[in-house]
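Me: I have a new structure open and could use a walk through it. Can we take it piece by piece?

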Amino acid sequence: MGVWLPTMPRTSALKATAPTTIPKYALMAAWKAACGASGTVTLLIPPGTYYIGPTKFHGPCKASAITFLLQGTLKAATDLRRFGNDWIEFGWVKDLTVAGQNNAIINGQGAASWPFNKCPIRKDCKVLPISVLFVNNQNTVVRDIKSVNSKFFHIALLQSKNMKLINIQINAPENSPNTDGIHIERSTGVVISDTRISTGDDCISIGQGSDNIDIARVHCGPGHGMSIGSLGRYVDEGDVTRVHVRNMTFVGTMNGVRIKTWENSPTKSLAAHMLFENMVMKDVQNPIIIDQKYCPYYDCEHKHVSGVTLKDITFKNIKGTSSMPVAVLLRCGVPCQGVVLQDVDLKYMGEGGSSSKCENAMATYVGYQHPEPCA
């Protein structure tokens, strides 16, 4: 079954000669019809450029499966007063597919908002809206979508199960603040594959309460790299477990693979059972980094020990070049348990070559090691 926006002709041949504003009532009417229909339903937004304000596509739905098919470009409003925490929100929906065709683009128009983001320097900052949030969804596929210039995170997954993100293209300038590509939190069974991310913060970040995360064939750069965390900042954070990241390429990023936890965590948690393998680093500042003294602000005293226990973490077949002399930094709070480095070859092209730096790491080394392991 196909559902069309009521204000649009029932043909995919629509040619928008100028950007068009989709009335919210029309978009919501189309979603309500799709959500309330029986069987498998497709909601199609045909070619063109459309402005839409903050919009929530919520279930539960009667339809057995819904496809949100975008063939054009969606542009966000630039007036921050119109927004809450996000721009486009899919919530409480089962068996949802969000797909793009014809170079479909979701444009957050974030450049006008970035100067108002104080989060890089203030702990009590006001968070800007996420471009696309998936919350409390099950069995969702997101594919063939391009997200550009988000105001804050491009895509965030919250309290969702069985999510697949395939062939996602994410772009924002290197200096755009907090424009994480894909953020995962309190979610389980997430697969990300065959994706390219160039942004101003983490390409992919995995937050607290996440389990069974599989990431493969992702190109990252520019950006801050692939991060577990930050963890341990808030009360009652959940554990992060069973993370498998493989076949990633990092080009000119701040970090490669990073685990970051705050000091003085209000409650204890665990980050465990992680494998990072088959990574290529090209001119990366910190190719392998564990930082249990993470603090992005200026008044960090480093007087406390992180309450996040790190356990069973393997870095395997990590190769390439580092733009800084310290290519492997393992800075643990309480001793990390079961850290393994296997077949690491990271070269610093400057004077003196690459080196390792460790604190409470108690790491095991297997196979070839360059730089040399910590003494």
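Me: Aspartate 194 first: buried, partly exposed or exposed?

Reply: Partly exposed, because its relative accessibility is 35% and the buried class stops under 20%. Keep in mind that this is a predicted model.

Me: What does the side chain of aspartate 194 meet in a salt bridge?

Reply: Arginine 217, with 2.7 Å from N to O. The two residues sit in distant parts of the chain, 23 residues apart: arginine 217 is in strand E20 (residues 211-220) and aspartate 194 is in strand E18 (residues 188-198).

Me: And arginine 217, buried or exposed or in between?

Reply: In between. Arginine 217 has a relative accessible area of 42%, so it falls short of exposed, which starts over 50%.

Me: How many salt bridges does the structure hold?

Reply: There are 13. One of them pairs aspartate 202 with arginine 258 at 3.2 Å, N to O. That pair also links distant parts of the chain, 56 residues apart, with aspartate 202 in the loop between E18 and strand E19 (204-206) and arginine 258 in strand E23 (residues 255-262).

Me: Are aspartate 202 and arginine 258 buried or exposed?

Reply: Both aspartate 202 and arginine 258 are buried.

Me: Which residue does arginine 143 meet in a salt bridge?

Reply: Aspartate 144, and the N to O distance is 3.2 Å. Arginine 143 counts as partly exposed at 34% relative accessibility, and aspartate 144 is partly exposed too, at 29%. Elsewhere, Lys56, Asp86 and Glu89 are linked in a network of salt bridges.

Me: Changing topic. What order do the strands of the open sheet come in?

Reply: Eleven strands, paired in parallel, run E5-E8-E11-E14-E17-E19-E21-E23-E25-E27-E29. The edges are strand E5 (55-58) and strand E29 (355-359), each of which pairs on one side only. Ignoring direction, neighbouring strands of this sheet are turned by 15° against each other on average.

Me: What about E21, how many of its residues are buried?

Reply: Five of the six residues of strand E21 (residues 226-231) are buried, so the strand is largely enclosed by the rest of the structure.

Me: How many bridges join E21 to E19, and how many join it to E23?

Reply: Three bridges join E21 to E19, running parallel, and four join E21 to E23, also running parallel. Serine 227 in E21 stands opposite serine 205. Leucine 231 has threonine 261 in E23 as its bridge partner.

Me: And where strand E11 meets strand E14, how many bridges are there?

Reply: Four bridges, between E11 (residues 130-135) and E14 (residues 155-158), which run parallel. Valine 132 stands opposite isoleucine 155 in E14.

Me: Next, empty space. How many cavities of 30 Å³ or more does a search find?

Reply: One, in a search of the whole structure. The largest cavity has a volume of about 110 Å³.

Me: Which residues are closest to the centre of the largest cavity?

Reply: Phe90, Val98, Ile106, Val132 and Ile145, out of 14 residues that line it. The elements giving two or more residues to the lining are strand E6 (65-70), strand E8 (86-91) and E11.

Me: Last one. Which domains does the assignment give?

Reply: Domain 1 takes in 10-113 + 127-145 + 167-174, and domain 2 takes in 202-374. The C-alpha centres of domain 1 and domain 2 lie 34 Å apart.

Definitions and conventions. Residues are numbered from 1 along each chain as its sequence is written. This is a predicted model: local features need pLDDT of at least 70, side-chain atom pairs count only at pLDDT 80 or more; totals for chains, interfaces and linings use all residues. Side-chain values use heavy atoms; hydrogens and water are left out. Domain bounds come from an automatic or database domain assignment. A salt bridge is a side-chain nitrogen of Lys or Arg within 4 Å of a carboxyl oxygen of Asp or Glu. Buried means under 20% relative accessible area, exposed over 50%, partly exposed in between (1.4 Å probe, protein chains only). Two strands pair if DSSP finds at least two bridges between them. Axes are lines fitted to C-alpha atoms, for helices over the stretch in contact, and angles run from 0 to 180 degrees between N-to-C directions. On a 1 Å grid over the protein atoms alone, a cavity is a set of points where a 1.4 Å probe fits but cannot get out, and a pocket is an open set with protein on both sides within 12 Å along at least five of seven lines; lining residues have an atom within 4 Å of a point. Grid points are joined across faces, edges and corners, and a volume is the space filled by probe spheres set on the points.
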